[in-house]
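Please read the following report alongside the sequence and the coordinates. It moves from local backbone features to the wider architecture and then to the enclosed and open spaces.

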Amino acid sequence: MAVSRRAAQKFFLNGAFRPFASLSSASPVNPLDMPTAPKQSPSIPHYMTYSTSSSFGTRGSVKASNVTPGVVSNLCSVKLPVSAAAAVHTATEPKHDMFCFQCEQTRDGKGCMTVGVCGKDPEAAALQDLLVHSLKGLAQYATRARDLGLEIGAEVDFFVQEAVFSTLTNVNFDSAALQQYVKEAIHHRDALRARYLAAGGKEEAALKTHQATFELGASLSDIVEQGRGVGVETRRVGWDEDIFSLQELLVYGLKGTAAYSAHAYAVGKRDTKISDFIYEAFDYLSRPADQQTAEGLLGLALKCGETNLRAMEILNEGHCESFGTPEPTVVRTSPVKGKCILVSGHDIKDLYELLKATEGTGINVYTHGELLPAHGYPELRKFKHLIGNYGGAWQLQKIEFAAFPGPIIVTTNCLLEPKPSYANRIYSANAAGHKKVQHIDGRRFDPVIKQALEMEGFVVDAPERTVMTGFGHAAVLKAADVVINGIKDGRISHLFLIGGCDGWEGERSYFRDLALSLPQDAVVLTLACGKYRFNHQQQQFGNITGTQIPRLMDVGQCNDAYSAIRIASALAQAFNTDVNSLPLSLVISWFEQKAVAVLLTLLHLNIQNIRIGPKLPAFVTPNVLQILVDKYKLTPIGGPESVQQEMKEMLS
C-alpha cells in the first residue's frame, strides 16, 4: 500500500526528514521504539562509567577518566594487572533466555537477556551462537587440512565469511535462514574432515572438541537448545574473565573482518590469507584453557586488525576497479516527483545491478544510510535515475521507511524489524534477513521493480537540499599540497577524523557538537553513518581559507577507514614523521562489530590517543581496557557537556 500524498508531503516538505532533528539528548522521541538509556548516578553520566565489579559485562561507577595512561613496550608481553585480579566464572547453566553483549547498545550496559535491544529474540540468538560454534569446528579441520596442503576452496571460504557476517548486529533475525547456515556449516565441517582423513590426517585429541564432533538436533527446538548450551553464559564458565573478554574481542573483530571480506567477494575480490586467518583464530579459540593465554589472544587480536586492513584494501580495490575512483560529488537529499526504490545497507554491487535493471523504467533510485558514498563513483553517476540520497542513519529507518512511497531493499546491516506500515514492501538480500521481510536471492529484483511501478511514488518535488561525498584518499591526496601548505603556514591548525557508527542514544550528540564547535582553521574528515550527525550542515563548515576545498570531507563508508589511513600515512610521509606526530585526532563512534575490526586495525598500526564512545564495550573488562590505555592511550569520550574541554585537549 502506498504512503499517502499527505503523509509523504508532510514528512519531506517540511524538512522533518533531516537527520537528528528530533534526536537531541532532551528529545522524547525514540525512533527504535526502545527503552531509553539507563539512568545512572547524576554525578557520573553512564557514558563515563566502567565496571569494577567481578560480574563480567557490568558497568559500575568508576569514571573512565580515572584509568591512568602508562607506557608498555610490547603489547604481546603485557601481563594483565595483578592489582585487579579477574574473577573466574562459575555458573553451570544459562540463567537467562539469552545473553548477548556484542554491540554498544546492549541493555543497561550489561547484556541483552530476554530480547535484544536490536530486536533479536532468544531463538535467533541461540542459533547465531550455535553457528559461530559450528564454524569453530569447521575451522579446526580447515587449519589442519591446509597444513597438509589441501585447498579449502572459494566456496567454503565465502560461506564461512557470509555465515559469520549473518551474526553481526542488525543483520539476520530469520531463524529459518540461521538454521540453514548451521546445517551448511556442519556439512562443510564433515566434508573437510573426510578430506583431511583421506589425505592422511589423524584424529588427534585436539579434534575431540564438541564443536568439531557434535551432531545437529533433529528439530528446530532441539537445535535452539543446542545453541543455548554454547552461548556466552555457558561458554565463559571456568574461564578467567579477562581471558574470556579477550576471546570475545577477537570473535567480534573476526565478525567485522569477515563482513568486509564478504563485501569484497561481491566485487570479485578474494584473498585466501583472510580466510586462513579466520580459520587460525577460530581454531585457537577452540583450544582448552591451558592453551589460551592473554598474550596469545592479544597477538591474534592485533593480527585480526592487520587482516582487516587487507580486507578493507581489497574491498577498496574492487570498488574502484568496478565503479571508478570516487570523486567529490554533490548529492541531492530531497525527493523528486516520481516512482521510486530505496536501497540501504553497504553493498554497492547490488545498487549497481538494480540501476541496470531499472534503467528506462521511469523509476528513480535513492540510496540510504551507508550507501550515500556510492554517488561518488563515476560508473554509478552515469545512471541518471540514481536521483539522490534519502534520509539518514540506520536507526531512523522506522520513521524514514514508513514515509518512503516505494519498496525498500536492505542489502546488509543495519536491518530492524519492520513496522506494519511498510512490512509488505521491504526486502532483504545477501546475509541480511528477518522473518517478516521477503528475501531476494541472486539479485532477482523483479518483484521489487513490479511493486515500484504499482506504487504512486513521490507526488511532488521537494525543495532541493544537498550534501557532498566522494572524498576518498585519491581525491584528498590530489589536494595534498593544499593541506600540507595549509598546515605549514597556519591556515590549518588541526585535522580531525570524526565518524564511525551511529546509534539512537542522545549522548551521541557529542560527535555533532564537537564537529560544529571546532575552530574554522580545523579540517574534518568523516565516514560511515556517524556523518549524518552533521554532514547536512556543510555551509556552516565552509572551505579551507583561500581555497575551494571544503573543511568537511566525507571519506565514505565505514570500510573507507582504509582511505582515512591512506590519507594520514601520506601526510606523515610528507612531513617526514609518523601518524602519531601529525596534528591529527581520531574520534570514533562505535556500535557494532565492523567498528571493532576497524579499531583493531588502528591498534595494529599503533595509532595512539584514539577517543572512542559513546559507551565502552560491555565485553571489555577493566583489566583489558587498562592494557589498551597503557599501550595505545585509548581514551573513552566524555558526555556532550565535556566537548569543549576535550576539544581543547585535542587541539593542544
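## Cis peptide bonds

In this predicted model, P614 is placed in the loop that runs between β15 (611-613) and α21 (622-632). The peptide bond leading from G613 into P614 is cis, and its omega is near 10°.

A cis peptide bond is also found between N413 and C414, where omega is about 15°. C414 belongs to the loop between β7 and β8, two strands that take part in the open sheet described further below.

## Positive phi values

Which phi value does A528 have, as a residue other than glycine? Phi of A528 is positive, near 65°, and the residue sits in the loop between β12 (522-527) and α18 (538-541). Buried is the class that applies to A528, because its relative accessibility is 0% and the cut-off for that class is under 20%.

K633 is likewise a residue other than glycine with a positive phi, in this case near 55°, and its loop lies between α21 and β16 (635-636). With a relative accessible area of 29%, K633 counts as partly exposed.

## Overall composition

The protein contains 22 helices and 16 strands. Its chain has 652 residues, of which 62% count as buried. When contacts with a separation of 6 or more are considered, 77% of them are accounted for by residues 24 or more positions apart.

## The six-stranded sheet and its helices

Six strands form an open sheet with parallel pairing, and their order across the sheet is β6-β5-β4-β7-β8-β9. The edge positions are taken by β6 (386-389) and β9 (438-440), and since each has a single partner strand, one side of each is left without a neighbour in the sheet. From one strand to the next the twist averages 30°. At the β6 edge, strand β5 (residues 363-367) runs parallel to β6 and is joined to it by three bridges, and Y366 has G388 of β6 as its bridge partner.

Helix α11 (residues 348-358) packs on this sheet, where it touches β4 (339-344), β5, β6, β7 (408-410) and β8 (426-429), and its direction makes about 170° with that of β5. Helix α14 (residues 446-454) lies across β4, β5, β7, β8 and β9, and it runs at about 140° to β4.

## The surroundings of C320

C320 is part of helix α10 (residues 294-323). Leaving aside residues up to four places away in sequence, C320 touches T325, P326 and Y377. For the pair C320 and E379, the separation is 59 residues in sequence and 9.6 Å in space, taken from C-alpha to C-alpha.

## The second largest pocket

Rolling a probe the size of a water molecule over the atoms shows where empty space is left. The second largest pocket holds about 510 Å³ of space. It is lined by 30 residues, and those closest to its centre are E162, A429, N430, A431 and H439.

Which elements each supply at least two residues of the lining of this second largest pocket? They are α3 (154-165), α4 (175-198), α8 (241-266), β8 and β9; of these, the two strands are also part of the open sheet. By class, the lining of the second largest pocket has 13 nonpolar, 10 polar and seven charged residues.

## Internal cavities

The count of cavities of 30 Å³ or more comes to 11, and the largest cavity contains about 200 Å³ of space. Its lining consists of 18 residues, and D129, V232, R235, Y252 and K255 lie nearest its centre.

Helices α2 (122-147), α7 (232-235) and α8 each supply at least two residues of the lining of the largest cavity, with α2 giving the most, at six residues. The lining of the largest cavity divides into nine nonpolar, three polar and six charged residues. Helix α8 is thus named for the lining of the largest cavity and also for that of the second largest pocket.

Definitions and conventions. Residues are numbered from 1 along each chain as its sequence is written. This is a predicted model: local features need pLDDT of at least 70, side-chain atom pairs count only at pLDDT 80 or more; totals for chains, interfaces and linings use all residues. Side-chain values use heavy atoms; hydrogens and water are left out. Two strands pair if DSSP finds at least two bridges between them. Helices (H or I, at least four residues) and strands (E, at least two) are DSSP runs, numbered from the N terminus. Axes are lines fitted to C-alpha atoms, for helices over the stretch in contact, and angles run from 0 to 180 degrees between N-to-C directions. Contact means heavy atoms within 4.5 Å. On a 1 Å grid over the protein atoms alone, a cavity is a set of points where a 1.4 Å probe fits but cannot get out, and a pocket is an open set with protein on both sides within 12 Å along at least five of seven lines; lining residues have an atom within 4 Å of a point. Grid points are joined across faces, edges and corners, and a volume is the space filled by probe spheres set on the points. Ala, Val, Leu, Ile, Met, Phe, Trp, Tyr, Cys and Pro count as nonpolar, Asp, Glu, Lys and Arg as charged, and the others, Gly among them, as polar. Buried means under 20% relative accessible area, exposed over 50%, partly exposed in between (1.4 Å probe, protein chains only).
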